[in-house]
Amino acid sequence: MLICRNQSCQAQWEQADVVIKNEGQGLLFRCPMCGARNYVEKFEDENGNVVYEQIEGKPFI
Ligand SMILES: [Zn+2]
C-alpha cells in the first residue's frame with residue numbers, strides 16, 4: 001500500500017494504481033489524485049517479485 005505524502009491528500013494506492021518512473025532524481029510515482037511526487041525505492045522480495053516502498057524523509061513537491 002502506498003500513501004500519498006501530501007498532508008491534505010493522503011490517498012492510498014495499490015502499486016497497480018500508480019505509474020512508477022524515474023524523473024532523474026530517483027524512482028517516484030505521482031499521486032493520481034493530487035499529482036504530488038512520492039519517492040519510492042525498489043526492492044525484490046524472497047520470491048523475486050519487485051516491490052516498491054516509500055522513502056521516508058524525501059520531500060514531495
Ligand atoms: Zn495525493
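Reader: Let's start with contacts. Of the contacts between residues at least 6 apart in sequence, what share joins residues at least 24 apart?

Author: Happy to begin there. This is a predicted model, and in it 30% of such contacts join residues at least 24 apart.

Reader: And how confident was the predictor?

Author: A general caution comes before the numbers. Where pLDDT is low, the predicted coordinates should not be read in detail. Here the average pLDDT is 90, and 92% of the residues score at least 70. Among the elements, S2 has the highest mean at 96, while S6 has the lowest at 91.

Reader: How many helices and strands should I look for?

Author: You will find 0 helices and 6 strands. Along the sequence, the pattern therefore reads β-β-β-β-β-β.

Reader: Which strands make up the open sheet, and in what order?

Author: The open sheet has 4 strands in the order S3-S4-S5-S6, and the pairing is antiparallel. Strand S3 (20-22) and strand S6 (50-54) are at the edges; each has a single partner strand, so one side of each lacks a neighbour in the sheet. If you ignore direction, neighbouring strands of this sheet are turned by 45° against each other on average.

Reader: Can we walk through the pairs? How many bridges hold S3 and S4?

Author: S3 pairs with strand S4 (residues 27-30) over 3 bridges, in the antiparallel sense. To find the register on your screen, pick Lys21: its bridge partner in S4 is Leu28.

Reader: Where does S4 go next?

Author: S4 is joined to strand S5 (residues 37-44) by 3 bridges, again with an antiparallel run. There, Phe29 stands opposite Asn38 in S5. The hairpin of S4 and S5 has 6 residues between the strands, and Gly35 in that hairpin takes a positive phi near 85°.

Reader: How many bridges pair S5 with S6?

Author: S5 and S6 pair over 5 bridges, antiparallel. A handy landmark is Phe43, which stands opposite Val51 in S6. Between these strands the hairpin has 5 residues, and Gly48 takes a positive phi near 85° there.

Reader: Which sign of phi should I expect away from glycine?

Author: Most residues other than glycine have a negative phi. One residue to inspect here is Gln10, which has a positive phi of about 55° although it is not a glycine.

Reader: Where does Gln10 lie?

Author: Gln10 lies in the loop between strand S1 (2-3) and strand S2 (12-13). Apart from neighbours within four places in sequence, Gln10 is in contact with Ile3 and Cys4. For a distance check, the C-alpha atoms of Gln10 and Phe29 are separated by 14 Å, with their positions 19 residues apart along the chain.

Reader: Why does Gln10 count as partly exposed?

Author: The idea is to count C-beta neighbours: 20 or more within 10 Å would make a residue buried, and 12 or fewer would make it exposed. Gln10 has 13 inside 10 Å, so it counts as partly exposed.

Reader: What percentage of the whole protein counts as buried?

Author: Of its 61 residues, 8% count as buried.

Reader: How does the radius of gyration compare with that of a compact globule?

Author: For 61 residues, a compact globule would have a radius of gyration near 10 Å; the value here is 11 Å, which agrees. As for extent, the C-alpha trace spans about 35 × 25 × 20 Å along its principal axes.

Terms used: Residues are numbered from 1 along each chain as its sequence is written. This is a predicted model: local features need pLDDT of at least 70, side-chain atom pairs count only at pLDDT 80 or more; totals for chains, interfaces and linings use all residues. Two strands pair if DSSP finds at least two bridges between them. Helices (H or I, at least four residues) and strands (E, at least two) are DSSP runs, numbered from the N terminus. Axes are lines fitted to C-alpha atoms, for helices over the stretch in contact, and angles run from 0 to 180 degrees between N-to-C directions. The radius of gyration is taken over C-alpha atoms; the globule rule is 2.2 Å times the number of residues to the power 0.38. Two residues are in contact if their C-beta atoms, placed from the backbone, lie within 7 Å. pLDDT is the predictor's confidence in each residue, from 0 to 100.
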